[in-house]
Amino acid sequence: MQRDRLDDSFAPLVIAGSDPRLQSEYGTRDKNLLRISGIPDHGRRILFGPHISLPPGLFRFELSFDLEARGSGMVTVDLTRAGGHRDFYLRRCFEWELQRGLIRISHHLLQATDRFELRLYAGVGLGMAVKQLTVFRLDEVK
C-alpha cells in the first residue's frame, strides 16, 4: 500500500504512472504508465498530483518517463500546493532531461505542506509515457 503522508520514519515514496494520484486531462492509463498526448495548444497543464502531505525538509522529486514525441514549444515543471496559487519552485525543463526521460528537482520545504503537487506544462505534439514519480527525503530528521 502506498503511503500518503511522509513522517519521521520516511522511506522513498514511489507513485506509479498508473496511480490515480497522478492526473492528466490528456492522459490514459496503460498498465503501469500514464500516456499523455493530444494536447490541443501550448501552455497546458499536462500532469498534476499526487496531492500528498509532506513535512518540512529537503526533498528530491524524480519524474521518470519515456518521451514519445517532442512536439513544439517549452515544457515547464513546478512544485506547488494544490489550489494555493503559490509556486514553491518553477522552471523550464532542459532538452537533455526530456531526451533522458528524467526530471529531477531538489527543494527545501520550509513548512509542512498539505496537497503537495508537481505540475508539468507543455503543448501541441508532446507525447510521453509517465513511468513514476519518486519522492526522496534528503535531510536527516531531527
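## Exercises on a predicted model

R21 is found in the loop between β1 and β2. The structure is a predicted model, and the exercises below begin with this residue.

**Exercise 1.** Determine whether R21 is buried or exposed, and state what separation lies between the C-alpha atoms of R21 and G49.

*Solution.*
- Step 1. The relative accessibility of R21 is 14%.
- Step 2. Buried means under 20% relative accessible area, so R21 counts as buried.
- Step 3. R21 and G49 are 28 residues apart along the chain, and their C-alpha atoms are separated by 5.7 Å.

**Exercise 2.** Identify which kind of peptide bond joins G49 and P50, and find the element that holds P50.

*Solution.*
- Step 1. The bond between G49 and P50 has an omega of about 10°.
- Step 2. The peptide bond is therefore described as cis.
- Step 3. P50 belongs to strand β4.

**Exercise 3.** Describe the phi angles of K31 and H51, then give the location and exposure of each residue.

*Solution.*
- Step 1. K31 is not a glycine, yet its phi is positive, at about 60°.
- Step 2. K31 lies in the loop between β2 (27-30) and β3 (33-36), and its relative accessibility of 76% makes it exposed.
- Step 3. H51, also a residue other than glycine, has a positive phi near 60°.
- Step 4. H51 is placed in strand β4, and with 26% relative accessibility it counts as partly exposed.

**Exercise 4.** State where S53 lies, whether it is buried or exposed, and which side chain it contacts.

*Solution.*
- Step 1. S53 is part of strand β4, which covers residues 44-54.
- Step 2. Its relative accessible area is 14%, so S53 is buried.
- Step 3. The side chains of S53 and D114 are joined by a polar contact of 2.9 Å.

**Exercise 5.** Work out the order of the strands in the open sheet that contains β4, and explain why β4 and β7 stand at its edges.

*Solution.*
- Step 1. Strands of a sheet pair through backbone hydrogen bonds, either parallel or antiparallel.
- Step 2. The open sheet has four strands in the order β4-β9-β6-β7, and their pairing is antiparallel.
- Step 3. β4 and β7 (87-92) each have a single partner strand, so one side of each is left without a neighbour in the sheet.
- Step 4. From one strand to the next, the twist averages 15°.
- Step 5. β4 and β9 (residues 113-122) run antiparallel and are joined by eight bridges; F48 stands opposite R119 in β9.

**Exercise 6.** Sort the residues of strand β1 by face, and name the strand with which β1 pairs.

*Solution.*
- Step 1. In a regular strand the side chains alternate between the two faces of the sheet.
- Step 2. In β1 (residues 13-16), L13 and I15 form the covered face, while V14 and A16 form the uncovered one.
- Step 3. β1 pairs with strand β10 (residues 127-137) in the antiparallel sense, over four bridges.
- Step 4. The bridge partner of L13 in β10 is V135.

**Exercise 7.** Assess where confidence is lowest and highest among the elements, and decide how residues 1-7 should be read.

*Solution.*
- Step 1. The chain has a mean pLDDT of 89, and 89% of its residues reach 70 or more.
- Step 2. Confidence is lowest in β7, with a mean of 89, and highest in β3, at 97.
- Step 3. Over residues 1-7, pLDDT stays under 50.
- Step 4. Where pLDDT is low, the predicted coordinates should not be read in detail.

Conventions. Residues numbered from 1 in each chain as written. Predicted model: local features only at pLDDT ≥ 70, side-chain atom pairs only at ≥ 80, totals over all residues. Heavy atoms only, no water. Helix = DSSP H or I, 4+ residues; strand = E, 2+ residues; numbered from the N terminus. Buried < 20%, exposed > 50% of the residue type's maximum accessible area, 1.4 Å probe, protein only. Polar contact = N/O pair within 3.5 Å; in protein donor to acceptor, adjacent residues only side chain to side chain. Pairing = 2+ DSSP bridges. Axes fitted to C-alpha atoms, helices over the stretch in contact; angles between N-to-C directions. pLDDT = per-residue confidence, 0-100. Contact = heavy atoms within 4.5 Å.
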